[in-house]
Amino acid sequence: MDTQDGTQQSQQLILAHNVFLLKHPDVSDIEKVRLRDEVLNSVQSNDMTSYYETLVTDEVLELDQSLLESMRAKNEEEIKKLDEKIADAEENLGESEVREAHLAKSLYYIRIGEKEKALEQLKLTESKTVAVGQKMDLVFYTLQIGLFYMDFDLISKSIDKAKNLFEGGGDWERKNRLKVYEGLYCMSTRNFKKAANLFLDSISTFTTYELFPYDAFIFYTVLTSIISLDRVSLKQKVVDAPEILTVIGKIPHLSEFLNSLYDCQYKSFFLAFAGLTEQIKLDRYLHPHFRFYMREVRTVVYSQFLESYKSVTTEAMAKAFGVTVEFIDMELSRFIAAGKLHCKIDKVAGVLETNRPDAKNALYQATIKQGDFLLNRIQKLSRVIDL
């Protein structure tokens with residue numbers, strides 16, 4: 001997509017986020033007035049004719065017929081110029097110049113938001129491309145188109161294509177960039193564990209500023225790690241990571257969220273969590289998983305608290321979290337019923353009794369079951385051989 005330099009976020013992805021906020025019910029009307037102006041300016045400056053029509057249909061923007069016709073005329077004029085450059089390159093110049101002319105047309109289609117034409121032109125450009133690195137750059141353009149439209153099928157196929165290309169070579173810088181793209185895809189499709197691992201692998205080599213700033217990258221890394229890593233890994237890879245420590249203080253509530261969980265300061269954790277919910281809800285990639293993420297975080301923190309006890313009163317737990325006994329009772333009932341927490345509530349005595357599954361015993365039972373299954377198969381096989 002269109003980026004001004006190597007350290008700035010793609011203007012198209014900024015536009016997509018602003019459109020997302022315009023459609024969000026929790027954004028104030030005053031803020032939406034500002035966002036609407038920004039969206040219109042972005043659409044107008046890039047002559048995004050078809051995308052403008054889509055936004056008008058979705059009632060995000062109002063129709064301005066003269067603006068629409070003006071942008072359409074500019075599109076036709078620019079495409080005509082690009083076609084002339086391609087024809088001239090094919091007639092008078094070498095293969096490299098022909099590829100560059102086709103790439104320029106691809107980038108123009110991306111800029112004006114013509115998804116299908118852009119993908120078609122990128123395929124044509126790829127047919128003129130030999131170097132693996134240049135082919136990878138075309139895949140990154142395709143991935144950005146996928147992220148702009150949240151087309152997960154296109155993103156998934158493009159990631160697989162990039163991995164196949166890397167089997168034939170490719171530099172480390174592009175491989176590390178791909179990890180961030182794949183991590184963002186995994187996070188957007190609720191595979192938080194894989195997303196956390198990919199983000200953590202990319203912390204010291206992050207260069208994908210076209211997707212989001214480094215602060216946002218750290219925000220995603222911490223959020224996905226908290227519900228994916230055990231305490232030891234969280235301490236080594238996140239809590240003590242120098243790359244995270246340099247940035248985490250700039251992001252509201254994030255440092256308190258991470259450190260209060262690790263330090264078992266549950267009241268502070270809930271306060272920081274409440275502060276973060278708005279950021280998660282208004283994030284284009286995390287918003288669809290807001291309720292799921294809220295449940296997962298609470299499962300992690302309740303499990304961590306209960307791990308320290310064989311039994312504990314609901315009053316003590318409520319006090320530790322800074323909430324009422326009724327709230328804790330209702331919360332735990334829901335999580336126990338869903339099989340997320342291994343404990344039971346003695347309502348009369350007001351006590352929680354943990355019944356953590358014994359990992360060794362479970363392994364022993366599984367081994368016996370598999371052994372019985374294997375013996376049955378051997379007996380059946382021996383009968384067949386005897387016959």
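**Entry 1: R34 and its partners**

I started at R34, which is partly exposed with a relative accessible area of 38%. For the record, buried means under 20% relative accessible area, exposed means over 50%, and partly exposed is in between (1.4 Å probe, protein chains only). R34 makes a salt bridge with E31, and their closest N and O atoms are 2.3 Å apart. My salt-bridge cut-off is a side-chain nitrogen of Lys or Arg within 4 Å of a carboxyl oxygen of Asp or Glu. R34 and E31 sit 3 residues apart in helix α2, so about one helical turn separates them. E31 is also partly exposed, at 30% relative accessible area. Through shared salt-bridge partners, E31, R34 and E38 join into one network.

Note to self on the input: this is a predicted model, where local features need pLDDT of at least 70 and side-chain atom pairs count only at pLDDT 80 or more, while totals for chains, interfaces and linings use all residues. Residues are numbered from 1 along each chain as its sequence is written, and side-chain values use heavy atoms, with hydrogens and water left out.

**Entry 2: the other salt bridges I checked**

How many salt bridges does a search of the whole structure find? It finds 20. Side chains of opposite charge can pair when their charged atoms come close.

I pulled up K23 and D58, whose side chains meet in a salt bridge at 3.5 Å, N to O. K23 belongs to helix α1 (residues 11-23) and D58 to the loop between α3 (49-57) and α4 (65-92), so this pair ties together parts 35 residues apart in sequence. Helix labels here are DSSP runs numbered from the N terminus (H or I, at least four residues; strands are E, at least two). K23 is partly exposed at 48% relative accessible area, and D58 is partly exposed at 39%.

Next I looked at D26 and K281, which also meet in a salt bridge, at 3.6 Å, N to O. D26 is in the loop between α1 and α2 (29-45) and K281 is in helix α15 (residues 266-281), so the pair links parts that are 255 residues apart in sequence. D26 counts as partly exposed at 39% relative accessibility, and K281 as partly exposed at 22%.

**Entry 3: helix α6, side by side**

Helix α6 (residues 115-127) has 13 residues and reaches 19 Å from its first C-alpha to its last, close to the expected 18 Å at 1.5 Å a residue. That expectation is 1.5 Å times one less than the number of residues. Which residues of α6 are buried? I listed K115, A118, L119, Q121, L122 and T125. They cover an arc of only 165 degrees around the axis, which puts them on the same side of α6. The arc is taken from the directions from the helix axis to the C-beta atoms. E116, E120, K123 and S127 are exposed on the other side of α6.

**Entry 4: positive phi**

Most residues other than glycine have a negative phi. I noted D47, not a glycine, with a positive phi of about 55 degrees. D47 is in the loop between α2 and α3, and counts as buried at 10% relative accessibility. R190, not a glycine either, has a positive phi of about 70 degrees. I found R190 in the loop between α9 (172-188) and α10 (192-202), partly exposed with 37% relative accessible area.

**Entry 5: two C-alpha distances**

S45 is in helix α2 and is partly exposed at 48% relative accessible area. S45 and I112 are 67 residues apart along the chain, with 9.5 Å between their C-alpha atoms.

I244 is in helix α13 (residues 242-245), and is buried at 0% relative accessibility. I also looked up I244 against F212: 32 residues apart in sequence, 16 Å apart in space, C-alpha to C-alpha.

**Entry 6: domains and a surface patch**

How is the protein divided? I have domain 1 as 7-131 + 139-146 and domain 2 as 310-386, with bounds from an automatic or database domain assignment. Over C-alpha atoms, the centres of domain 1 and domain 2 are 53 Å apart.

My last lookup was a nonpolar patch on the surface, formed by L374, L375 and I378, with about 300 Å² of accessible area together. Patch residues have over 30% relative accessible area and no salt bridge; nonpolar side chains (Val, Leu, Ile, Met, Phe, Trp, Tyr) are joined within 5 Å, like charges within 9 Å. Areas come from the Shrake-Rupley method with a 1.4 Å probe, and for residues only the protein chains shown count as cover. L375 is in helix α19 (residues 359-386).
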